[in-house]
Amino acid sequence: MIIPPETSSDVSLLMVVVFLSIQGCHSAPDPKQRDQMLKQERSERLGGRMELSEDEQRVDVMLQRLKIKEMSTSPFPPAKHFFTVRHLIQNSPVFKLIQKMPKGAALHLHNSAMVSVDWLVMNATYRPNCYICFTWGNSVNFIFSMTTPFPRWGCSLWKRLDVLRAGLSDVPKFDESLMRNLTLFTEDPETSYPTQDVVWERFETVFYAVNGLITYAPVLKDHIYQGLKELYDDNIQYVELRIGQSKAYELDWSTHDRAWTIELFRNITENFRANHPEFVGSRVILSAHRSSGVSQVKQAVQEAVEMQRRFPDIVAGFDLVGREDKGGTIWYFRDALSLPSKLGTKLPFFFHAGETNLDGTDVDRNVLDALLFNTSRIGHGFALVHHPLARQLSRTTRVPLEICPISNQVLKLVSDLRNHPAAVLMSDGHPMVVSSDDPSLFGTTGLSYDFYQAFVGIGGLDANLATLKELAINSIRYSSLSTQLQDKAMAVWLENWNKFIAENSET
Ligand SMILES: *[C@@H]1O[C@H](CO)[C@@H](O)[C@H](O)[C@H]1NC(C)=O
Ligand SMILES: *[C@@H]1O[C@H](CO)[C@@H](O)[C@H](O)[C@H]1NC(C)=O
Ligand SMILES: *[C@@H]1O[C@H](CO)[C@@H](O)[C@H](O)[C@H]1NC(C)=O
Ligand SMILES: *[C@@H]1O[C@H](CO)[C@@H](O)[C@H](O)[C@H]1NC(C)=O
Ligand SMILES: [Zn+2]
């Protein structure tokens with residue numbers, strides 16, 4: 001019972017007494033009131049206001065049945081480190097259904113970690129003129145070159161890979177070791193990565209190892225195409241890719257400028273679309289590393305403004321990437337980030353912010369600062385729930401969070417995904433999308449693994465088909481596409497969705 005604040009305490013006490021005596025001191029709470037409250041909570045959840053058709057309800061019932069079964073299994077996959085349960089998830093009927101589901105758009109993905117390591121090793125490293133060196137830190141570097149390159153500090157002499165392989169007795173074993181070099185995936189994550197520092201160091205090492213491979217122009221071309229294909233095969237129609245500052249190079253080590261790379265993205269996307277008419281396209285978010293200085297970031301912002309002016313259809317905006325705990329904060333870069341408004345132009349921001357559990361530090365304030373800089377979305381926003389004002393602002397201005405559950409678990413912000421802060425936001429209908437961040441590093445492809453974790457782990461039994469449907473719709477509505485292109489993407493998605501429902505509501 002709710003006591004109006006203006007009533008005096010005597011009167012309210014009287015009301016309580018009257019209320020209790022009517023109810024009878026020992027009777028249970030009113031079941032109708034309870035139902036009403038539960039209904040209200042349900043309606044506030046993500047997807048809570050979505051009407052499901054009869055066919056959708058049938059799929060929902062089946063899905064809930066499968067999920068209940070899954071929740072009683074041991075180990076319960078979302079509670080464990082993803083690397084140790086990936087094989088269980090792959091066999092999960094819920095996961096298999098999610099794979100078939102049209103998921104809309106992938107909005108938080110880094111270009112350098114979007115293609116499976118299998119392709120990187122079996123395709124990219126098997127090309128002619130590929131050289132390798134072995135670093136002192138148990139990693140590798142690659143470079144394509146016409147002649148043997150000059151040795152690099154901290155690395156063995158360069159060896160041409162085809163020559164090296166020809167002298168090996170067990171090439172598959174060697175190739176497997178190269179794959180291990182290009183991913184964080186391992187069977188014993190708890191011992192390999194005891195702390196955030198250790199796992200982040202390996203993370204940066206992998207990016208460095210992969211860089212020489214994928215910035216080689218001929219590889220880059222096929223790499224983009226392969227990345228789009230892996231997403232498409234997971235029933236994704238559209239992608240927004242963060243791309244870093246590395247320049248593409250040719251065999252003679254001449255390099256291409258940023259405009260060339262963006263044009264390449266446009267060409268490859270068009271090429272892919274010609275072969276896959278249901279694919280809507282891709283846009284890029286140019287990003288600078290947080291370890292850069294203010295003047296470097298200023299330059300990167302300036303370049304992003306310029307590129308957006310030249311390629312408005314392909315450049316979506318700008319972001320700061322890299323480990324937040326160690327790099328400059330958004331506030332630290334405020335002069336550089338104010339440049340567009342000083343120049344009187346608009347550059348949309350898509351900031352990584354709040355990918356941290358350093359509560360109360362300067363880093364932790366990135367979520368609020370991202371919003372003050374009018375960010376279009378918040379990458380991760382893991383720390384958002386600690387900031388009531390930022391949370392409210394994000395909600396009322398419809399600035400969604402890009403939730404990447406597996407990334408957060410592997411990088412050690414949370415171990416049991418049922419405890420992910422997005423669970424709070426999901427039950428509150430907070431704007432969000434689900435994405436996969438760095439699939440090749442985490443041993444995933446597409447979005448299905450992260451959707452599974454969001455649906456089964458973070459969402460719990462309260463998440464249902466309507467939750468999944470809202471997440472897919474969100475991914476299109478919160479994309480940087482124009483309203484017109486969003487409508488087009490929605491139409492394609494809806495057709496695929498209805499097909500998916502029809503195919504799965506029969507049994
Ligand atoms: C790599 O993939 C490309 C594009 O799919 C293909 O044309 C090429 O033959 C492949 N190369 C190798 C070495 O497998
Ligand atoms: C990287 O590959 C090399 C060469 O096979 C191997 O010796 C090394 O152990 C690998 N490193 C990792 C981290 O797997
Ligand atoms: C992109 O395609 C256009 C038109 O075919 C071509 O002129 C241009 O050189 C291509 N650019 C790149 C980087 O591939
Ligand atoms: C953010 O948007 C508000 C309202 O449109 C505007 O007044 C403000 O100048 C913008 N801030 C920045 C840093 O662009
Ligand atoms: Zn990211």
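**Notes on two ligand sites and the nonpolar core**

1. Let's start with ligand 4: one of its oxygen atoms sits 2.3 Å from a polar side-chain atom of Asn374. Please keep in mind that this is a predicted model. Asn374 has Leu372 and Phe373 beside it in the list of residues around ligand 4. On its own, ligand 4 would expose 360 Å², and the protein buries 32% of that area.

2. Ligand 1 is the next site to look at. Its surroundings are made up of Asn123, Arg127 and Asp222. Here Asn123 supplies a side-chain N or O atom that lies 2.2 Å from an oxygen atom of ligand 1. Ligand 1 taken alone exposes 360 Å², of which the protein buries 40%.

3. Now for the protein interior. The largest nonpolar core holds 143 residues, and the members touching the most others are Phe142, Leu182, Leu184, Leu213, Phe318, Leu320 and Leu337. Helix 10, spanning residues 196–214, gives eight residues, the largest share of this core. Why does the core lie between domain 1 and domain 2? Because residues come to it from both domain 1 (85–115 + 219–499) and domain 2 (118–201).

4. Leu182 deserves a closer look in your viewer. Leaving aside residues up to four places away in sequence, Leu182 touches Val117, Leu120, Val121, Phe142, Val206, Ala209, Val210, Leu213 and Ser440. Among these partners, Phe142 and Leu213 also appear with Leu182 in the group of core residues that touch the most other members.

Key:
Residues numbered from 1 in each chain as written. Chains lettered and ligands numbered in written order. Predicted model: local features only at pLDDT ≥ 70, side-chain atom pairs only at ≥ 80, totals over all residues. Heavy atoms only, no water. Near = heavy atom within 4 Å. Polar contact = N/O pair within 3.5 Å; in protein donor to acceptor, adjacent residues only side chain to side chain. Areas by Shrake-Rupley, 256 points an atom, 1.4 Å probe, with all protein chains shown as cover. Core = buried A, V, L, I, M, F, W, Y, C linked by side-chain atoms within 4.5 Å. Buried < 20%, exposed > 50% of the residue type's maximum accessible area, 1.4 Å probe, protein only. Helix = DSSP H or I, 4+ residues; strand = E, 2+ residues; numbered from the N terminus. Domains from an automatic or database assignment. Contact = heavy atoms within 4.5 Å.
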